[in-house]
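Student: Could we go through this structure together, one question at a time?
Tutor: Gladly! Have a look at it here, and then ask away.

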Amino acid sequence: MSVAAFRDSRRGHYWLLAGLAIVLAITLSACQAQNLKSQAARIPQLVISTTTDPKTFNYALNNSSPNIFSFTFDGLVDEHGITAEIVPALAESWQISEDKKRITFTLRDGLKWSDGAPLTADDVLFTYKDVYLNEAIPTDVRDAFRIGDKKQLPTVKKLDDRRVEFLLPEPSSPFLRAMGAKILPAHRLRQSVFTKGSDGNPRFLTTWGTDTNPAEIVTNGPYTIESYANSQRIIYRRNPYYWRKGAQGETLPYIERIIWQVVENSDSRMLRFRSGDLDMAGLRPEDFSLLKREEQRGKFAILNGGPTSGTTFIAFNLNRATNTNGKPFVDPIKSRWFNTKAFRQAVAYALDRQSIINNLFRGIGELQNSPISVQSPYFLSPQQGLKVYEHDPAKAKSLLLGAGFKYNAKQQLLDEAGNRIRFTMILPAGSRTAQQFAAQMQQDLQSIGIQLDLNPVDFNVLVESISNRNWECYFLSYTGGVEPHDGANYWTSAGTSHDFNQGPNVGAPPIKNWVISDWEEEIDRLFVAGAREYDETKRKQIYADFQRIIQEQVPVIHLVTPTALSAIRDRVQGVQFSGLDTRGSLWNLYELKVVDEQS
């Protein structure tokens, strides 16, 4: 499986899909690859690929992927990769009070960290009280725990060594799922939270970066980090103290070692899989027909996980704020275009999304019209009244003319002041699929007189540009999930990943003159109402209203939902592949087995 590169929007994490691979890689040399193969013959190991390096080993400070955390850390609860049911993890059980404002978690008995130290309620208390709920720590994780219209945070207290109690300011139906946030080791990180560096910030903010000796990273998940070579690979080693046990009481996981190779692009990934260097590979539509013919000979199977849980889209920068010197983040001329609803709708009508499916996805995919994943029970279909932007250039032109735009003799689109309509879209470099997407959109917009300039950049540069509000339009794909509130960080105005109109952020330079629209305020209200509501019928209506607003206002234009495809070697057993879960073939990593092909 190719692990995705994407921007984190916490907790259900809206992230860039695996099909849009990002270049950040230096491939292993032939001798290194042969050495790893030789070692594979001696111990059970899995060789997979990732598209780029992790940015941090500190979960609280992570805002992108690929990252190490599904390999190395667990939370109090987890989400089943097929059913999306909330299941016990580090906590063996929980009790919710009748008024739904008090949740008590009971940890499993005998939990340990990878260094053998006990994992107790003190670690849970430290993780939440001192890190996630601590306003001095700029972590995106905190957004998942803000409750109600006042964005209040819960309080947490230790009852005994195995029990922790969370007290909520009001009932919150998504709160339990948010408890999947990873638990951190107090005995290794507490001091860094409460001591400050020369810059006056907690040392925690520079703790466990990717320059840290992997031996210092203490984990509670199925694996530890054995070694990390930048732009080459990460090697994970089985955690001897992992809490899960097999059916016969045996220690899990079964696989001793995982080699996570950084592979430069999707074409290279396919070559490596076909040559036998990789045990898993996420597939693009164009890979399917080629590999399908090789299944038996290559001793692998192609699994179909159904629609991905993600959303592929372009976003406009609607931010009208300025920096402290009064300089606008977005050119005021272009900002007026972007903040005109008719302009955004016209762009949506101009995009030929069906051609993208037919030509780029070989028909393997479907049109996407909602910010909520199609697998979610809250998904609103066009048949239920959701606005859809079918390809209609004539409608696009009519909207533009009605909004005061005009055409010159060359059929170039101008605004009322005579400015040529031209803007730049940033997109991840190194992905052929991303380039094809962008080229199609560039051609579609040209048909209505708009010049779209493309700026492919390194993924980390793209993330930095978005964080700094230094962009006009971007193209990305984010993953979703069954719980709409998981996207609150992106869709609510106070969210730290509210990219299309990013407000002030803790730890970031201040901004001036930030304005939120009335429809953004309505989305804020709906997300508060949706979190308070436990009646499923009423929740569905609330999130249906949210979807209708997004499709009417189109701050982002949704494009295509790909089908999740993965090629898995026959020697890898126990895979339950799912397009719903962001971990894909690895959501149940702890119970996968690698069988010697000669046995």
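Student: In which hand does H6 pass H7, left-handed or right-handed?
Tutor: Keep in mind that we are looking at a predicted model. The axes of H6 (residues 266-274) and H7 (residues 285-292) come within 12 Å. Where H6 passes H7, the crossing is right-handed.

Student: How are H6 and H7 oriented to each other, roughly parallel or roughly perpendicular?
Tutor: Two packed helices are described by the angle between their axes and the distance between the axes. Here the axes of H6 and H7 cross at roughly 20°. Angles under 35 degrees count as roughly parallel. Therefore H6 and H7 are roughly parallel.

Student: How many nonpolar residues does the contact of H6 with H7 have?
Tutor: H6 brings Met270, Phe273 and Arg274 to the contact, and H7 brings Asp287, Leu290 and Leu291. By class, 2 residues of this contact are charged and none is polar, while the number of nonpolar ones is 4.

Student: Why do the buried residues of H14 lie on the same side of the helix?
Tutor: In H14 (residues 459-467), the buried residues are Phe459, Leu462, Val463, Ser465 and Ile466. They are on the same side of H14 because the arc they cover around the axis is only 160°.

Student: Is arginine 469, which follows H14, buried or exposed?
Tutor: Arginine 469 is in the loop between H14 and strand S22 (473-478). Its phi is positive, about 65°, although the residue is not a glycine. Buried means under 20% relative accessible area. At 6% relative accessibility, arginine 469 therefore counts as buried.

Student: And asparagine 513, buried or exposed?
Tutor: Asparagine 513 is not a glycine either, and has a positive phi of about 60°. The loop that holds asparagine 513 runs between H15 (488-491) and H16 (518-532). The cut-off for exposed is over 50%. With 55% relative accessibility, asparagine 513 counts as exposed.

Student: How far apart in space are leucine 565 and leucine 303, C-alpha to C-alpha?
Tutor: Leucine 565 sits in strand S24 (residues 560-569). Leu303 is one of the residues in contact with leucine 565. In sequence the two leucines are 262 residues apart, but in space their C-alpha atoms are separated by 5.7 Å.

Student: Which residue is joined to leucine 252 by a cis peptide bond?
Tutor: The omega of this bond is about 0°. The partner we want lies in the loop between strand S12 (233-238) and strand S13 (257-262). The residue joined to leucine 252 is proline 253.

Conventions
Residues numbered from 1 in each chain as written. Predicted model: local features only at pLDDT ≥ 70, side-chain atom pairs only at ≥ 80, totals over all residues. Heavy atoms only, no water. Buried < 20%, exposed > 50% of the residue type's maximum accessible area, 1.4 Å probe, protein only. Helix = DSSP H or I, 4+ residues; strand = E, 2+ residues; numbered from the N terminus. Arc of directions from axis to C-beta. Axes fitted to C-alpha atoms, helices over the stretch in contact; angles between N-to-C directions. Parallel < 35°, antiparallel > 145°, perpendicular 65-115°, else oblique. Left-handed = near helix turned anticlockwise from the far one by under 90°. Contact = heavy atoms within 4.5 Å. Nonpolar A, V, L, I, M, F, W, Y, C, P; charged D, E, K, R; others polar. Lists of a residue's contacts leave out its neighbours within four places in sequence.
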